[in-house]
Structures are given as structure tokens and as C-alpha cells.
Amino acid sequence: MNKIKFITTLSTLLLTSNAWSLGMGVSSYPMLSGKKLISSEFTGITSSGGGVGLQARYTQKLSSKVIADAGIGISGGERANRFFTGVDFELYPDYSKQPKISVRADLELAKEFGVGRTKLGMAPTISKGFNFWGREAFPYFSMPVGISLDGDTSTYKSTVSANLGINGNLPIESYKHLQANAELQVDVKDSYTSIIVGLSYPLQ
């Protein structure tokens, strides 16, 4: 029975998303249930040990209130690679003057400064759709908080960052089916500062 509980718990974590990956992805963008996206993202970490890199991310709307994603990333510098997965739970929808409010739960396995790290976190997120020059886009703000476990010394530290970004369809007529995202992640406590720019392609 304990093995079943352990496997169930681990599976739940592995099906959850990414406050600790670079960026929050496209979860603030309104998606229809069942919609799937594949994203390519350019990343640039400006903190100590940083460098430029790439990420690939898969995102799916599982239900009217749940969006899951997972991905891998590689970077130059001392923050070499990462695997991340997570889920975004909508608490309140973007409706009339009310912004969307959601909470993300996430898991990341990463190699930083030659050390393997496991990161568990939660990220409250607020977003709202606005019209920009005839096109709707969705700015958002998130405050990821969590715990980073050092695999070598079995120690941990708490981490906090502030993420500000925007999602929306490309404002180019022949490419308006594609979604673009841009984000600034700022180190608040034992995290890192980075810039993320991505492009998402619908799979349906």
C-alpha cells in the first residue's frame, strides 16, 4: 500500500507546472479545453552563473480550469539544464472587470553550478485581457515561491521571484494563429533574473 501511495504522489507531482522553469509559459492565455500547444522559448539568465539558452514546452488545457505543461531546457553558464512540469488551477476567471486569478504547483529537476537540485513551488498568478491596437493580449504578474533541495548536501533553501509578462497572438495577419509570450523574471530571494521570449504552435 505504501508503494502505491508513493507512486501516486510522485505521478501527481510529475503531472503538475513550472514556476521554477524559466518563465510561466502561456497559461495566462485563454485556451479551449483540450487545446494543445508546443512552444519554443529563448532564455537569457542575467544573474551570476547565467547564460543564454533554449526551452521546449508542451502545454495542454485539461479542463475548463486546469492547464498542465512540461518541458526541458538547456542553457550556457552554470545553470546548465532542467526538466520541469506543473499545473495551473484557475480560481477566478477573467470576466468583465475581474482579472483571472490562478495558482500553479510545480516541480523542477535542474543542474546548477554542478549540483543537482529538486525544486518544489507554488505561484499565485493574476492576469487580465486588454486590447492593444485592435489586438487582445494578456499581461500577467506572478510571485513564485518554493523550496530548492540540494542533491549533494541534502540541504534546502527557500526561493522567491517576481515574474511580469504578456501573452497573445502574433499581430501579423498570416501568423495570427501563433501565440507569442515575453517575460521578465526578477530574483527576490535565492532565485535568478532572466528574460524569456517564446513562440507557440497549436497542435490542433
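# Briefing: charged pairs, strands and buried residues

K176 counts as partly exposed, since its relative accessibility of 41% falls between the limits of 20% and 50% that separate buried from exposed residues. The side chain of K176 forms a salt bridge with E173, and the closest N and O atoms of this pair are 2.9 Å apart. The partner E173 has a relative accessible area of 53% and is therefore classed as exposed. The model described here is a predicted one, and the points below go from the whole chain to its charged pairs, its nonpolar groups and a few single residues.

**The chain as a whole**

- The chain is built with one helix and twelve strands, and when it is read along the sequence the helix comes before the strands, in the pattern α-β-β-β-β-β-β-β-β-β-β-β-β.
- There are 204 residues in the chain, and 43% of them count as buried.
- If we look at contacts between residues at least 6 apart in sequence, 53% of these contacts join residues that are at least 24 apart.
- The area that the chain exposes comes to about 10,400 Å², and carbon and sulfur atoms supply 68% of this area.

**Salt bridges**

- Side chains of opposite charge can pair when their charged atoms come close.
- A search of the whole structure finds twelve salt bridges, including one between R57 and D69, where the closest N and O atoms are 3.3 Å apart.
- This pair links distant parts of the chain, because R57 belongs to strand 2 while D69 belongs to strand 3 (residues 66–75), and the two are twelve residues apart.
- Both R57 and D69 are buried, in contrast to E173, which is exposed at 53%.
- Salt bridges that share partners join E41, R57, D69, D88 and R104 into one network.
- Another salt bridge brings together the side chains of R117 and D150, with a distance of 3.8 Å from N to O.
- This second pair also links distant parts of the chain, with R117 in strand 6 (residues 115–127) and D150 in strand 9 (residues 145–150), 33 residues apart.
- R117 counts as buried because its relative accessibility is 14%, and D150, with a relative accessible area of 12%, is buried as well.

**Residues of strand 9**

- S148 lies in strand 9, and its relative accessibility of 3% is the reason why S148 counts as buried.
- The C-alpha atoms of S148 and R117 are separated by 6.5 Å, although these residues are 31 residues apart along the chain.
- Leaving out residues up to four places away in sequence, S148 touches R117, T118, K119, T155, Y156, K157 and T159.
- V145 is also found in strand 9, but V145 counts as partly exposed, because its relative accessibility is 37%.
- The C-alpha atoms of V145 and A162 are 9.1 Å from each other, and these two residues are 17 residues apart along the chain.

**Nonpolar groups, inside and at the surface**

- In soluble globular proteins, nonpolar side chains tend to be buried together.
- The largest nonpolar core in this model has six residues, namely V26, Y29, M31, L37, I67 and F138.
- Apart from neighbours within four places in sequence, the core residue V26 is in contact with L37, T59, N167, Q179, N181 and S200.
- At the surface, F42, V52, L54, I74, L184, V186, I195 and V197 make a nonpolar patch of about 710 Å².
- Strand 2 (52–61), strand 11 (179–189) and strand 12 (194–202) each supply at least two residues of this patch.
- V186, one of the patch residues, sits in strand 11 and is partly exposed, because its relative accessible area is 33%.

**S200, a buried residue of strand 12**

- S200 has its place in strand 12, and with a relative accessible area of 0% S200 is therefore buried.
- The side chain of S200 makes a polar contact with the side chain of S39, at 2.6 Å.
- When residues up to four places away in sequence are not counted, S200 touches V26, L37, I38, S39, L178 and Q179, and two of these names, V26 and L37, also appear in the largest nonpolar core.

Methods
Residues are numbered from 1 along each chain as its sequence is written. This is a predicted model: local features need pLDDT of at least 70, side-chain atom pairs count only at pLDDT 80 or more; totals for chains, interfaces and linings use all residues. Side-chain values use heavy atoms; hydrogens and water are left out. Patches are made of residues with over 30% relative accessible area and no salt bridge: like charges are joined within 9 Å, nonpolar side chains (Val, Leu, Ile, Met, Phe, Trp, Tyr) within 5 Å. Accessible areas come from the Shrake-Rupley method with a 1.4 Å probe; for residues, only the protein chains shown count as cover. A salt bridge is a side-chain nitrogen of Lys or Arg within 4 Å of a carboxyl oxygen of Asp or Glu. Helices (H or I, at least four residues) and strands (E, at least two) are DSSP runs, numbered from the N terminus. Buried means under 20% relative accessible area, exposed over 50%, partly exposed in between (1.4 Å probe, protein chains only). A polar contact is a pair of N or O atoms within 3.5 Å; within protein, one must be able to donate a hydrogen and the other to accept it, and residues adjacent in sequence count only if both atoms are side-chain atoms. Contact means heavy atoms within 4.5 Å. A nonpolar core is a set of buried Ala, Val, Leu, Ile, Met, Phe, Trp, Tyr and Cys residues joined through side-chain atoms within 4.5 Å.
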